[in-house]
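Open the structure in a viewer and keep the residue selection tool at hand. The stops below each give a selection and then what is found there.

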Amino acid sequence: MVETRRIETAPGMVFDATVGGSDHAPLVLMLHGFGVSRYFWSAQAVALADAGYFAVAPNQRGYAADARPDPADLANYQMDLLIQDALDIADAVSPGRRFHLVGHDWGASLAWSIADQHPERLGSLTILSRPHPLAFAAALAMPDGEQAQRSRHHKAFLEPDAVPKILADDVKWLRTRLAANGVPETAIEVHLSVLGNTPAMEAALAWYRARGVYHAPVGPTKVPTLYIWGDADDTVGRAAAEGTGAFIAAPYQFVVIPGGGHYTAEQAPDQVSALLLAHLARHPI
């Protein structure tokens, strides 16, 4: 059974999470990205629970209303705190145990860093869309400017008026982008129930503003990795996606979903779930 659970990691930090399966089963922690919420992983939570895993997908810092420190103070949204949130959530539900980590978009950025800094904690890593940071940096530096063009919204999110622009006209910009990437209308409404308000959006953009334009450096990944990329992803080009394998110093599987956009967990949920379950089975904990 899949349910909502509130997970407290510290005073004033209570994360609402989608949880499925037995607490004693191997933990699979799933981290969402920008523009969506914990509900991004709804199909995978069910599939994982049915397969005998303990699935946990939290609304992350700022997305969770009860884990939303003041976004005007960007020190509250530094990368090290976002990473620590994920580790604290894992320890709160499965103390001291290794776990499988799944990340998409910003959640994938955290996942790459967690794998770099704490490889001993992870049984496996599964990434959707976001390439390895070193591959991404190389693609951004290419003279054709393709990846830089795909990532131009990162700079736009740093502008002071970014929040009202995104929320304007019933959150038209985000609705349009999600729909263009194959996210079902019902799912869009659920995500906007979390994110489609000023406090949540300010917090979501604080992730970008605290980091700036560039990802902190990481080394080659030493955790068994599955990387899923849709070849119609509007934010990640082929060079960055195909270049990721050069920075994986562990068993690696790269899967391209033809026609897949940026949000494949919802666009192709059965395919993503099957790939994830096969990957976990190859790397038990």
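In which loop does H32 lie? Select H32: this residue sits in the loop between β3 (27–31) and α1 (42–50). Keep in mind throughout that the model is predicted.

**Stop 1: H32**

Show H32 together with its surroundings. Its relative accessibility is 1%, and because buried means under 20%, H32 counts as buried. Hide the neighbours within four places in sequence, and the residues still in contact with H32 are S37, R38, W41, P58, N59, Q60, Y63, H104, W106 and G107. Next, add A57 to the selection and draw a distance between the two C-alpha atoms. H32 and A57 are 25 residues apart along the chain, and their C-alpha atoms are separated by 7.7 Å.

**Stop 2: strand β2 and its partners**

Select residues 13–20, which form strand β2. How many of the residues of β2 are buried? The count is 8 of 8, so the strand is mostly covered. In a regular strand, side chains alternate between the two faces of the sheet. Colour the two sides of β2 separately: M13, F15, A17 and V19 are on one side, V14, D16, T18 and G20 are on the other, and all are buried.

Now add β1, residues 2–10. Strands β1 and β2 run antiparallel and are joined by 8 bridges. One pair to pick out is E3 with V19, its bridge partner in β2. The hairpin of β1 and β2 has 2 residues between the strands, and G12 there takes a positive phi near 80 degrees.

Then add β4, residues 54–58. This strand pairs with β2 in the antiparallel sense, over 4 bridges. Here the pair to pick out is G20 and A55, the bridge partner of G20 in β4.

**Stop 3: strand β6 and the loop after it**

Select T126, which is found in strand β6. At 1% relative accessibility, T126 counts as buried. Not counting residues up to four places away in sequence, T126 touches L101, V102, G103, L226, L276 and H279.

Move on to S129, in the loop between β6 (122–128) and α4 (133–140). The phi of S129 is near 75 degrees, a positive value in a residue other than glycine. Is S129 buried or exposed? With a relative accessibility of 2%, S129 counts as buried.

**Stop 4: D169**

Select helix α7, residues 162–180, and find D169 in it. The phi of D169 is also positive, near 55 degrees, and this residue is not a glycine. D169 is exposed, with a relative accessible area of 58%.

**Stop 5: helix α9**

Select residues 198–211, helix α9. Its 14 residues reach 20 Å from the first C-alpha to the last, close to the 20 Å expected at 1.5 Å a residue. Look along the helix to L205, where α9 bends by about 30 degrees.

Why is α9 described as largely enclosed by the rest of the structure? Because 10 of its 14 residues are buried. Among them are M201, L205, W207, Y208 and R211.

Finish at the two ends. At the N-terminal end, N197 caps α9, with a side-chain oxygen 3.0 Å from the backbone nitrogen of A200. Just after α9, G212 takes a positive phi of about 85 degrees.

How values were computed
Residues numbered from 1 in each chain as written. Predicted model: local features only at pLDDT ≥ 70, side-chain atom pairs only at ≥ 80, totals over all residues. Heavy atoms only, no water. Buried < 20%, exposed > 50% of the residue type's maximum accessible area, 1.4 Å probe, protein only. Pairing = 2+ DSSP bridges. Expected span 1.5 Å × (residues − 1). Bend = angle between axes of the 7 residues up to and from the residue. Polar contact = N/O pair within 3.5 Å; in protein donor to acceptor, adjacent residues only side chain to side chain. Contact = heavy atoms within 4.5 Å.
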